[in-house]
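Pull up the model and let's walk through it together. We'll start with the overall picture, move on to a couple of helix pairs, and finish with some backbone oddities.

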Amino acid sequence: MIPLAIIGGSGFSGLPSLLVSDAQTVATPFGETSAPVTRGRLGDAEVLFLPRHGPSHHLPPHRINYRANLWALRNCGAEHVVALAAVGGITPRFAPTVLAVPDQIIDYTYGREHSIHDGTTGTVEHIDLTTPYCEELRQALISACTHTGQTVIDTGVYGATQGPRLETAAEIRRYERDGCDMVGMTGMPEASLARELGLCYASLAFVVNWAAGKGDDGIITMQEIEANLALCVERIVGVLTNLATV
Ligand code: HPA
């Protein structure tokens, strides 16, 4: 059976409930991955797991080797990749602790190695990214949420920002005018690289704070982010277990 691959984000340096059987350091044409690729069982299913910020959460979003990570997962046999994504909520429905499966992206990142077609192969490639996420996997994620009793917002525009700093209130107002519902720092170039590599990629986003200027508290604190994250972990593990098993 082809294993589902899971990329862990903030709060997921490991995957609770994963019974690890193997950890493989994968050599890639793009250099080192964030961590060895872990193989193990989640429920009855075999999965691959890779924490994008590294095993001790030491890699900031702009230093992650997205190309190596995705290439390594494909090399380990993955065809489907679920990316976990902690996000800030911009529009009213995207309140802290909400789960969402975004269907669109706006990319505000810069200076990242964002393509495997970097001019060294002698050909120029332009992939289609009209629908940046794999619809089959998006629907499977939404079903897994429903089957595990988790309310989920089944669409939404993910704004990918450079980080590692959080945004200004004016930046968030601009992203809202652009049409963003949520904001995170790692969704690109991960999604487009997955498409370049022919991987079916979708994201399970979980809101850990109101984006800058949207909450009542004035500023965003790490305590608030961590508290909301803690409320999401078990629910997400349940969704992933259901997804991997069916
Ligand atoms: N902005 C960007 N990325 C994030 C946020 C945010 O408010 N919260 C979690 N990841």
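What follows is a short tour, from the whole chain down to single peptide bonds.

First things first: this is a predicted model. The predictor sounds confident about it, with a mean pLDDT of 96 for the chain and 100% of its residues at 70 or more. The model scores are ipTM 0.99 and pTM 0.97.

For orientation, UniProt has an unreviewed entry that puts the feature "domain: Nucleoside phosphorylase" at residues 4–242. If you trace that span, 27% of it is helix and 25% is strand, and the C-alpha atoms at its two ends sit 12 Å apart.

Now for the helices. Two packed helices are described by the angle between their axes and the distance between those axes. Take helix H1 (residues 66–75) and helix H4 (residues 187–196) to begin with: their axes are 9 Å apart and the packing angle is about 40 degrees. That angle is why H1 and H4 count as oblique to each other, and their crossing is right-handed. Which residues do the touching? On the H1 side look for Tyr66, Arg67 and Leu70, and on the H4 side for Pro189, Glu190, Leu193 and Ala194. Sorted by class, this H1–H4 contact has five nonpolar residues, two charged ones and no polar ones.

The other pair is helix H2 (residues 135–147) with helix H5 (residues 222–245), whose axes come within 8 Å and cross at roughly 120 degrees. Angles from 65 to 115 degrees would be called roughly perpendicular and those over 145 roughly antiparallel, so H2 ends up oblique to H5. Here, too, the crossing is right-handed. H2 brings Ala140, Leu141, Ala144, Cys145 and His147 to the contact, while H5 offers Val239, Asn242 and Leu243. The class count for H2 with H5 comes to six nonpolar and two polar residues, with no charged ones.

Last stop, the backbone. Most residues other than glycine have a negative phi, and most peptide bonds are trans. Where does this chain depart from a trans bond? One place is between Gly163 and Pro164, which are joined by a cis peptide bond with omega at about -5 degrees. Pro164 belongs to the loop between strand S9 (157–160) and helix H3 (169–178).

Another cis bond runs from Met188 to Pro189, with omega near 10 degrees. Pro189 is located in helix H4, and you've met it already as part of the H4 side of the contact with H1.

Finally, have a look at Ser17. It isn't a glycine, yet its phi is positive, at about 80 degrees. You'll find Ser17 in the loop between strand S1 (4–8) and strand S2 (19–24).

Notes: Residues numbered from 1 in each chain as written. Predicted model: local features only at pLDDT ≥ 70, side-chain atom pairs only at ≥ 80, totals over all residues. Axes fitted to C-alpha atoms, helices over the stretch in contact; angles between N-to-C directions. Helix = DSSP H or I, 4+ residues; strand = E, 2+ residues; numbered from the N terminus. Parallel < 35°, antiparallel > 145°, perpendicular 65-115°, else oblique. Left-handed = near helix turned anticlockwise from the far one by under 90°. Contact = placed C-beta atoms within 7 Å. Nonpolar A, V, L, I, M, F, W, Y, C, P; charged D, E, K, R; others polar. UniProt positions renumbered as here; feature names shortened; annotations may be inferred. pLDDT = per-residue confidence, 0-100.
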